[in-house]
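Work through these exercises with the model on screen. Try each task before you read its solution.

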Amino acid sequence: MADVKTSVHSKKSYHHGDLRGQLLEAVRELVEEHGPDGFSISQACKRAGVSTAAPYKHFKDRHEILRGVVLLAMDRLIAAMQEGADSYPPGDPNRIAAIGRAYIDFARAEPGIFRTMFGLTESHSEDPELTKAGASANGIVENVVGDYLELAPTHPQVKLRAYALWCFVHGHSFLLLDSKHIEGLTNTEENEMLALVGQAMLS
């Protein structure tokens, strides 16, 4: 997965139409540097080159700004997962490993945002847009599993195996971020692991 990180424009290049996007990008950068609780909105405004009053033209509070950052991150993750699936033809079991690789690479590229995505609310059911984004991501896995098994994505076996696959890559991603994975694990070994898990879940 390509590096998704970019820098916000300088104040010199700022104009009103970029306010929302520049602020969200500034917050994304600060979350990566300090975590979701380790920065102030005034810091984000300074980095984005906007006034401290500017955010409240688009967001009612800090939580809503973070929510905007998370929704954009979900879009990037979904796009990366879909790209992974599309890199192999329908029915190819390598599609599962490619989706897993995209998920893990995203966690590595944006660790602060990745943690924030799953800590913003106790349950995504509290937020319809986050629920929809989560369902879209899970739907990619269910579609690929269903396609391989020649079953509908809504079939109980498809849903069960898709969930097991998600549990693996999600858990592995957090073990990586917490430095609790196998010491010296190489990309080649990680790819082998993804292939093994995919084969086990699809068999």
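**Exercise 1: helices H3 and H4**

H3 and H4 are roughly antiparallel to each other, and the reason is their angle, so that label follows from the cut-offs (under 35 degrees roughly parallel, over 145 roughly antiparallel, 65 to 115 roughly perpendicular, the rest oblique). This is a predicted model, in which local features need pLDDT of at least 70, side-chain atom pairs count only at pLDDT 80 or more, and totals for chains, interfaces and linings use all residues. Residues are numbered from 1 along each chain as its sequence is written, and side-chain values use heavy atoms, with hydrogens and water left out.

Task: find the angle at which H3 and H4 cross, and the residues that meet.

Solution.
- Step 1. Identify the elements: helices (H or I, at least four residues) and strands (E, at least two) are DSSP runs, numbered from the N terminus.
- Step 2. Take the axes, which are lines fitted to C-alpha atoms, for helices over the stretch in contact; angles run from 0 to 180 degrees between N-to-C directions.
- Step 3. H3 and H4 cross at roughly 150°, and their axes come within 7 Å.
- Step 4. The crossing is right-handed. A crossing is left-handed if the near helix is turned anticlockwise from the far one by less than a right angle, and right-handed if clockwise.
- Step 5. List the contacts (heavy atoms within 4.5 Å). On the H3 side they include Ala73, Leu77, Ala80 and Met81. Among their partners in H4 are Ile99, Ala102 and Phe106.
- Step 6. Sort by class: this contact has ten nonpolar, one polar and three charged residues. Ala, Val, Leu, Ile, Met, Phe, Trp, Tyr, Cys and Pro count as nonpolar, Asp, Glu, Lys and Arg as charged, and the others, Gly among them, as polar.

**Exercise 2: two more helix pairs**

Task: find how H7 packs with H8, and how H1 crosses H2.

Solution.
- Step 1. H7 spans residues 156-177 and H8 spans residues 187-202. They pack at about 160°, with axes 9 Å apart.
- Step 2. H7 and H8 are therefore roughly antiparallel to each other. Their crossing is right-handed.
- Step 3. Leu165, Phe168 and Val169 are among the H7 residues in this contact. H8 brings residues including Met193, Leu194 and Val197. By class there are ten nonpolar, two polar and two charged residues.
- Step 4. Turn to H1 (residues 19-34) and H2 (residues 41-48). Their axes come within 8 Å and cross at roughly 120°.
- Step 5. H1 and H2 are therefore oblique to each other. This crossing is right-handed.
- Step 6. The H1 side includes Leu23, Ala26 and Leu30, and the H2 side includes Ala44, Cys45 and Ala48. The contact has seven nonpolar, two polar and three charged residues.

**Exercise 3: the cavity**

Task: find the volume of the largest cavity and the residues closest to its centre.

Solution.
- Step 1. Set the rule. On a 1 Å grid over the protein atoms alone, a cavity is a set of points where a 1.4 Å probe fits but cannot get out, and a pocket is an open set with protein on both sides within 12 Å along at least five of seven lines; lining residues have an atom within 4 Å of a point.
- Step 2. Count: there is one cavity of 30 Å³ or more. The largest cavity has a volume of about 120 Å³, where volume is the space filled by probe spheres set on grid points joined across faces, edges and corners.
- Step 3. Of its 14 lining residues, Ile96, Ile99, Gly100, Leu165 and Val169 are the closest to the centre.
- Step 4. H4 (94-109), H7 and H8 each give two or more residues to this lining. H4 has the largest share, five residues.
- Step 5. The lining has twelve nonpolar, two polar and no charged residues.

**Exercise 4: the pockets**

Task: which classes of residue line the largest pocket, and which line the second largest?

Solution.
- Step 1. The largest pocket has a volume of about 270 Å³. Phe118, Gly134, Ala137, Asn138 and Trp166 are the closest to its centre.
- Step 2. H6 supplies the largest share of this lining, seven residues. The classes are eleven nonpolar, four polar and no charged.
- Step 3. The second largest pocket holds about 180 Å³. H3 gives the most to its lining, with six residues.
- Step 4. This lining divides into four nonpolar, two polar and six charged residues. Arg20, Glu64, Arg67 and Asp75 are among them.
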